[in-house]
Amino acid sequence: MDDHIYKVIELVGTSTTTMEEAIQHALSRASETLRNMRWFQVVETRGRIENGKIARWEVILKVGFALEDTL
């Protein structure tokens with residue numbers, strides 16, 4: 001079947017180094033329990049500051065995954 005129905009969830013990924021790593025952490029962890037992830041959208045990017053420097057990146061994602069067909 002070519003038509004899909006998607007469920008959308010929100011995740012927050014974190015990293016002490018980069019935004020991209022924060023995204024990858026969220027997707028990697030989610031893939032341990034979710035199947036059929038198809039797309040993500042960065043909704044918000046923020047960070048923590050310590051001593052005037054970036055201490056942690058926090059990235060909020062919307063992730064869409066296709067619902068499985070039932071027989």
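A salt bridge here is a side-chain nitrogen of Lys or Arg within 4 Å of a carboxyl oxygen of Asp or Glu. This is a predicted model: local features need pLDDT of at least 70, side-chain atom pairs count only at pLDDT 80 or more, and totals for chains, interfaces and linings use all residues. Residues are numbered from 1 along each chain as its sequence is written, and side-chain values use heavy atoms, leaving out hydrogens and water.

**Exercise 1.** Describe the fold order of the protein chain.

Solution. Start with the elements: one helix and three strands (DSSP runs, H or I of at least four residues for helices, E of at least two for strands, numbered from the N terminus). Then read from the N terminus: the order is β-α-β-β.

**Exercise 2.** Characterise the salt bridge between glutamate 32 and arginine 29.

Solution. Take the distance: N to O is 3.5 Å. Next, classify exposure (buried is under 20% relative accessible area, exposed over 50%, partly exposed in between; 1.4 Å probe, protein chains only). Glutamate 32 is exposed at 58%. Arginine 29 is partly exposed at 49%.

**Exercise 3.** Trace the salt bridges of glutamate 58.

Solution. Begin with arginine 46: its closest N and O atoms to glutamate 58 are 2.8 Å apart. This pair joins strand S3 (residues 53-66), home of glutamate 58, to strand S2 (residues 37-50), home of arginine 46, across 12 residues. Now take arginine 48: its salt bridge with glutamate 58 also has a 2.8 Å closest N and O distance. Arginine 48 lies in strand S2 and glutamate 58 in strand S3, so the pair ties together parts 10 residues apart in sequence. Check burial: glutamate 58 is buried at 9%. Finally, place the network: Glu44, Arg46, Arg48 and Glu58 are linked by salt bridges.
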